[in-house]
Amino acid sequence: MSLPRLIRRLGICLLALIPVAAIPARAAPEHGIAMYGRPALPPDFVSLPYVNPDAPKGGRIVFGEPGGFDSLNPWILKGTAPWGVGIHTVETLMGRSIDEPFTLYGLLAESVETDEDRNWVEFTLRPGARFSDGSPVTIEDVMWSYQTLGTLGHPRYRTAWAKVARMEQTGPRSVRFTFDAPDRELALLMGMRPILKKAQWAGKDFAESSLEVPIGSGPYVVADFQPGRYIIFRRNPDYWGRDLAFNRGQHNFDEIRYDYFGDGDVTFQAFTAGETTTFRETNASKWLTRYDFPAIRAGEVVKSEIPNQRPSGITGLVMNTRNPLFADWRVREAMILAFNFEFINQTLNGGTEPRITSYFSNSVLGMEPGPARGRVAELLAPFADSLPPGAIDGYALPVGDPARPVVRGNVRKALKLLAEAGWTIRDGVLKDAGGAPFTFEILLASGATETQTIANIYVEALKPLGIFPTLSSVDSAQYRERTNNYQFDMTWYQRALSLSPGNEQLLYWGAAGVTEPGSRNWMGMNSPAAEAMVAAMLASRSQEDFIAATRALDRILTAGRYVIPVWFSRVSRLAHSRHLHYPERIPLYGDWPGFQPEVWWYEE
């Protein structure tokens with residue numbers, strides 16, 4: 001059954017339970033919208049709760065980034081654009097609070113309106129909204145942006161756009177989107193698309209990579225750049241939205257600069273030399289051992305740990321099931337058994353970091369241990385015959401040994417599974433019945449020293465299985481090209497997941513990504529059960545149903561054994577200049593997009 005039909009069927013079943021007379025035709029325009037319930041902040045809120053509303057303006061922050069860039073268009077598949085272009089120079093109709101699971105407040109839009117079933121959503125622009133060149137943001141710009149992104153933009157925009165049955169201007173400053181499938185998240189997603197200036201793109205191919213500076217309505221403009229070396233954003237003194245309550249205490253730096261370096265080690269060296277002013281440390285052991293350079297001792301650089309309450313997400317080595325070698329779950333389980341997490345964690349982190357046990361672990365959305373129960377079991381039951389072992393009965397990752405690199409018991413289990421899948425060791429090499437060796441490539445981005453270390457340890461651990469993979473490191477452009485087109489056997493994979501998963505899950509795990517370039521479905525999974533769980537998530541009318549559907553999806557993903565997971569951290573570790581400050585009140589999502597640099601400020 002196709003996904004749209006699944007969504008419609010689930011939606012019809014849910015709607016049948018609701019008395020028609022109880023559903024109003026429409027609601028009044030609101031200042032915000034939440035996925036469930038009402039926004040936490042009232043219409044007259046004065047600032048977001050996690051900002052310093054009186055933060056001083058001025059100064060600058062300098063980031064160091066590994067790699068480079070060759071484009072200033074981050075909204076398409078081609079090219080590599082700086083992260084900052086999409087977050088500093090353009091805006092969306094609604095802005096997200098990172099202190100609530102999924103709530104939006106008016107930004108370019110002064111109000112949002114929808115019906116009880118969220119079959120449609122309507123936004124009304126603020127009359128004073130302006131692009132950085134002084135021209136007004138119009139409904140024509142909005143409609144062109146949505147149409148262009150949905151048809152020519154990056155694949156991440158297409159899933160939601162495909163569910164829009166009609167887009168129409170309903171007033172001088174109003175636009176309405178009507179949907180063709182039950183999906184309660186769409187009313188929010190329609191408020192989160194970047195609004196671009198239509199006139200700038202007249203006669204140009206939007207889908208082609210370009211170094212033309214985009215004209216946006218955001219608080220910053222691109223002041224200077226050299227491709228692959230640096231880009232500077234300067235705060236726009238005429239920014240139209242500087243007095244909005246949503247923006248109070250945000251966008252405090254006069255200048256935001258990103259410098260690009262060859263790899264992570266060089267980026268760190270630049271930070272210790274004072275060339276950059278902030279550095280995000282991802283290695284717990286290094287956080288404890290290598291921060292003793294002169295600027296730390298002099299008090300010019302300080303260390304901050306930012307806690308968060310978001311899901312672990314998934315990070316590790318992903319197996320591409322488009323390669324027949326990894327199509328069998330028994331082979332993938334054998335690969336997981338050979339990976340001694342405890343030894344690697346001890347070697348790299350001193351054993352301090354917790355392992356990722358499922359995609360949504362560390363949150364209420366994560367699967368519970370043991371067999372599926374209640375609503376989760378009900379959702380999975382129709383797909384029982386096609387689910388991987390453990391999805392319903394329960395699945396847990398194997399336990400390793402921190403004291404030795406190879407765990408013999410796990411090797412024996414792995415060899416047994418490989419034999420069942422048709423692979424046996426002959427002359428010290430794992431081969432199939434025809435004598436072809438079990439060999440594959442592990443693709444890594446150059447300069448990723450930690451992942452290189454992990455991969456090297458793993459390669460050694462595979463030798464007792466008669467497996468001898470090759471390691472390949474390529475530059476960032478080649479890595480992007482190969483992963484966008486799934487030209488790898490195994491590679492490093494990282495997906496941050498939020499407390500409000502929705503349509504983006506189809507980009508991550510949907511069947512269309514098996515062949516469509518640029519999706520996040522690097523593992524190539526094709527699971528009607530997973531798509532049905534996403535459909536159930538999108539049709540959920542209660543938090544309880546949403547949690548159950550997400551836990552069911554988590555079981556399918558984890559038991560699918562697509563990724564060999566490593567660790568996550570409950571804190572973000574940021575070293576930074578003593579002149580850089582952040583609010584005492586840490587938001588729910590912690591160090592998430594919208595935190596640094598947005599709510600930070602500079603003080604002497």
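Helices (H or I, at least four residues) and strands (E, at least two) are DSSP runs, numbered from the N terminus. This is a predicted model, in which local features need pLDDT of at least 70, side-chain atom pairs count only at pLDDT 80 or more, and totals for chains, interfaces and linings use all residues. Residues are numbered from 1 along each chain as its sequence is written, and side-chain values use heavy atoms, with hydrogens and water left out.

**Threonine 278 and its partner**

Threonine 278 belongs to strand 12 (residues 278–281). Its relative accessible area is 3%, so threonine 278 is buried. Here buried means under 20% relative accessible area, exposed means over 50%, and partly exposed lies in between (1.4 Å probe, protein chains only).

The side chains of threonine 278 and glutamine 596 form a polar contact of 3.0 Å. A polar contact is a pair of N or O atoms within 3.5 Å; within protein, one must be able to donate a hydrogen and the other to accept it, and residues adjacent in sequence count only if both atoms are side-chain atoms. Contact in general means heavy atoms within 4.5 Å. Leaving out residues up to four places away in sequence, threonine 278 touches Ile61, Val62, Phe63, Phe271, Ala575, His576, Leu580 and Gln596.

Glutamine 596 is also joined to proline 597 by a cis peptide bond, with omega about 15°. Proline 597 sits in the loop between strand 22 (580–581) and strand 23 (601–602).

**Backbone exceptions**

Most residues other than glycine have a negative phi, and most peptide bonds are trans. Two residues that are not glycine have a positive phi in the table below.

| Residue | Phi | Loop | Relative accessible area |
|---|---|---|---|
| Asparagine 362 | near 70° | between helix 10 (341–349) and helix 11 (374–380) | 31%, partly exposed |
| Aspartate 427 | about 55° | between strand 15 (424–426) and strand 16 (429–431) | 77%, exposed |

**Helix 10**

The buried residues of helix 10 are Phe341, Phe343, Ile344, Asn345, Leu348 and Asn349. Their cover includes helix 7 (284–289), helix 13 (449–462) and strand 20. Glycine 350 follows helix 10, and its phi is positive, near 70°.

**Nonpolar cores**

A nonpolar core is a set of buried Ala, Val, Leu, Ile, Met, Phe, Trp, Tyr and Cys residues joined through side-chain atoms within 4.5 Å. The largest has 87 residues, and those with the most contacts inside it are Met335, Tyr359, Phe438, Phe440, Tyr458 and Trp509. Helix 17 gives the most to this core, nine residues. A second, separate core has 76 residues, among them Leu48, Met94, Val164 and Trp201.

Tyrosine 458 is in contact with Leu317, Met335, Ala338, Phe339, Ile442, Met490 and Ile564, not counting residues up to four places away in sequence.

**Cavities and a pocket**

On a 1 Å grid over the protein atoms alone, a cavity is a set of points where a 1.4 Å probe fits but cannot get out; a pocket is an open set with protein on both sides within 12 Å along at least five of seven lines; lining residues have an atom within 4 Å of a point. Grid points are joined across faces, edges and corners, and a volume is the space filled by probe spheres set on the points.

The structure holds five cavities of 30 Å³ or more. The largest cavity encloses about 80 Å³. It is lined by 14 residues, of which Tyr359, Leu397, Thr558, Val563 and Pro565 are the closest to its centre. Helix 17 (543–559) and strand 20 (563–565) each supply at least two lining residues. The lining has ten nonpolar, three polar and one charged residues. Ala, Val, Leu, Ile, Met, Phe, Trp, Tyr, Cys and Pro count as nonpolar, Asp, Glu, Lys and Arg as charged, and the others, Gly among them, as polar.

The second largest pocket has a volume of about 440 Å³. Of its 20 lining residues, Gly37, Arg38, Thr114, Glu116 and Arg118 are the closest to its centre. Strand 1 (32–34) and strand 5 (109–114) each supply at least two residues of this lining. By class, the pocket lining has nine nonpolar, three polar and eight charged residues.
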